[in-house]
Amino acid sequence: MRITSTSCICPVLVCLCFVQRCYGAAHHGSIKVTRNQTKHIEGETEVHHRPKRGWVWNQFFVLEEHMGPDPQYVGKLHSNSDKGDGSVKYILTGEGAGTIFIIDDTTGDIHSTKSLDREQKTHYVLHAQAIDRRTNKPLEPESEFIIKVQDINDNAPKFTDGPYIVTVPEMSEMGTSVLQVTATDADDPTYGNSARVVYSILQGQPYFSVDPKTGVIRTALHNMDREAREHYSVVIQAKDMAGQVGGLSGSTTVNITLTDVNDNPPRFPQKHYQLYVPESAQVGSAVGKIKANDADTGSNADMKYTIINGNGSGVFSITTDKETREGILSLKKPLNYEKKKSYTLNIEGANTHLDFRFSHLGPFKDVTMLKVIVGDVDEPPLFTMPFYVMEVYENAKIGTPVGTVTAHDPDAANSLVRYFIDHNTEEDRYFTIDASTGTIKTAKIFDREETPWYNITVAASEIDNPGLVSHVPVGVRILDVNDNPPELARDYDVVICENTKPGQVIQTITATDKDNSANGARFHFSLDEGLSLNPNFTLRNNEDNTASILTKRRRYSRTSQDIYYLPVLISDGGMPPLSSSSTLTIRVCACERDGRVRTCHAEALLSSAGLSTGALIAILLCIVILLAIVVLFITLRRSKKEPLIISEEDVRENVVTYDDEGGGEEDTEAFDITALRNPSAAEELKYRRDVHPEVKPLSRHHPSSSLDSIDVQEFLNQRLAEADLDPSVPPYDSLQTYAYEGHRSEGGSISSLDSATTHSDQDYNYLGDWGPEFKKLAELYGEVEPERTT
């Protein structure tokens, strides 16, 4: 198979290439493929041999961006087996086959049907094959070839990072590098000048320049001043085809800002300033501001203000406000118009960050003069001292002078001053002051031991202008007088052993005095001289504000006397001296041989009887156990007794339990059951003996004949009616049981219960003559008859 192709060198030869391709397809550039043919000899089998091909590799080229109406001719495929009779069919496969590239299957001509872009795809790989049209068998193996897209200058240079923002210090030297810009061209850099870019400056001259090959932007002038112009806009162009005519170009903008350097010294707008300050201005307050101008910015404009000379440098001070860069003038000392009416200050403002490259433009500081005029104002009275300390003795009489404060009007008018005490605290009410002279006096009697110091505030105001008030603190110290006698420092518990020897120190005592050391620091101890000589103890004054108690006897017996009382007289060294008497209590105790106290008082007496502490505890424990047993026994005895007395508030029927079998006297007291046993014995209405009826019903008399014939049902109904009509019956139902056995026998009843219903004519009053023991018995028997009659 033969492949014919012709490549073009430049776009000018496009036409020539087209003619060459069409004409030279049959004359040169062919790929010859030969096949080995075998002859069939009679009697021999057919022998297959591997075919040998001879071929020369070549590429097809197609121009990009073809805009013609007809498909663009690419090349021609031709097989040596093609005799021109149309028996060979050419097939094209691979990238773009059938869509971008088409082939004439008879002639083998290849055409491009679409406009190609090399920047999207640079080449295409395809495969060609020739087959027998009749048998569809390949005449030779498949061949691979490449179609390259030939570049044309169809892409302009581009700045991918633009626009640019960059800074450069002002006053930079000429040729200082600012920025390097780079443009890219999508065309083929290996083919022609389509991608060869040249840089140039379109805007920004004469301040900046650009290198045509590297794109480096540099300053083109000396000493470019930011204060004159700060921002620059530079336009850079990039053109391909090495800048020739017909090349494509692109541009970008570079915004350049000059940064500040300290090349401008500070300057005060004026050389002389004047400031008015009233004399009433407070110390430490700001009284004025001043500012020097600096054309620089940021830290290059920072400055510091100082007072370099003048007669007011000790009265005023100046500081720098870092935000506003102003000098703040403050007052260090109070002003007084009457003493000095004006001050002159020389103020300097200097940069704090210097650049020595520009020192020739200095000095970077400036000086101005400030005149301060003091204004006169009406001031409050002025005390002669900032504070006063006065003294007065305690117990001084009311109205005693303590001291005097003095104030005057500092103004030229010299107005009169009035004094008074601010009664803001309770302490201010303990003193009075003379409004004209300022003399302070006591208003109460003071006790130094209660309050040794008082603080008050005295105010002074002008009579002509009471609104102007000044204050001064006054401290009053209360001086001590000897008005408190000394006393023992504490309550001493003095213990002496029975075997103490004479002259032995048993206690050292000290004293205290509420007065200060001037009136009570020296104490003298002695025994009370008004008492007789003490034979047991003596006292020794140690001359160091202490005293020692010593014994005078050899032995002390706690059984004969266990406590001794020793009066001690204490006097101080004040003027006049004061004294007091205190009594020491001395206990006698049993001690060990080494002097340790063993027992005292009651424990010592028990110990002398030979009882140890364990024995005493055992005895007490036995006593407690016996007491507990007695209490428990009494409690159990009381809990077994049941009360027989029923509460008077309980008016219901009483249920009494009897343990005996026969009736007794108590049965008749609770309820008369005779009438229940024998209806004929119920001659008249019976009442309860434990409750007295308030109203008695009418008496009913039944003859004895009717009682014998009464029916039991009628008797029960009668009893029911009596119970319902009885006003003394409680307001609730009660259960009454009747056990009737019939009429009595002819012989009568021999029961003692029946005898209680018979009448007796015996007089029991004679029992009262037997003595008081039988008087109660006579009363009981004597009451039976009246009750039954009732």
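The legends below describe an overview and four close-up views of a predicted model.

**Figure 1. Overview of the predicted chain.** The chain has 790 residues, of which 33% count as buried, and its secondary structure comes to 11 helices and 40 strands. Its accessible surface amounts to about 49300 Å², with 54% of this area belonging to carbon and sulfur atoms. Among contacts between residues at least 6 apart in sequence, 67% join residues that are at least 24 apart.

**Figure 2. Close-up of helix H8, residues 712-725.** This helix has 14 residues and reaches 20 Å from its first C-alpha to its last, which is close to the 20 Å expected at 1.5 Å a residue. Phe715, Arg719 and Glu722 are the buried residues of H8, and, seen down the helix axis, the buried residues fall within an arc of 60°, so they line one face of the helix. On the face of H8 that is turned away from this buried side, the exposed residues are Gln713, Leu720, Asp724 and Leu725.

**Figure 3. Close-up of the nonpolar surface patch that includes Leu780.** Tyr766, Trp770, Phe774, Leu777 and Leu780 together form this patch, and their combined accessible area is about 480 Å². Leu780 belongs to helix H10, which covers residues 772-782. Leu780 counts as partly exposed because its relative accessibility is 46%, a value that lies between the limits of under 20% for buried and over 50% for exposed.

**Figure 4. Close-up of Ser580 in strand S39.** The strand that holds Ser580 runs over residues 579-591. With a relative accessible area of 17%, Ser580 is buried. When its neighbours within four places in sequence are left aside, Ser580 is in contact with Pro485, Pro486 and Glu487, and also with Val568, Leu569 and Ile570.

**Figure 5. Close-up of Pro380 in the loop between strands S22 and S23.** Strand S22 covers residues 365-375 and strand S23 covers residues 382-383, with Pro380 placed in the loop that lies between them. Pro380 counts as partly exposed, since its relative accessibility is 30%. Although Pro380 and Leu468 are 88 residues apart along the chain, their C-alpha atoms are separated by 4.7 Å. Leu468 is also one of the residues that Pro380 touches, and the others are Pro410, Glu462, Val469 and Ser470, not counting residues up to four places away in sequence.

Technical notes. Residues numbered from 1 in each chain as written. Predicted model: local features only at pLDDT ≥ 70, side-chain atom pairs only at ≥ 80, totals over all residues. Heavy atoms only, no water. Patch = residues over 30% accessible without salt bridge, like charges linked within 9 Å, V, L, I, M, F, W, Y side chains within 5 Å. Areas by Shrake-Rupley, 256 points an atom, 1.4 Å probe, with all protein chains shown as cover. Salt bridge = Lys/Arg side-chain N within 4 Å of Asp/Glu carboxyl O. Helix = DSSP H or I, 4+ residues; strand = E, 2+ residues; numbered from the N terminus. Buried < 20%, exposed > 50% of the residue type's maximum accessible area, 1.4 Å probe, protein only. Expected span 1.5 Å × (residues − 1). Arc of directions from axis to C-beta. Contact = heavy atoms within 4.5 Å.
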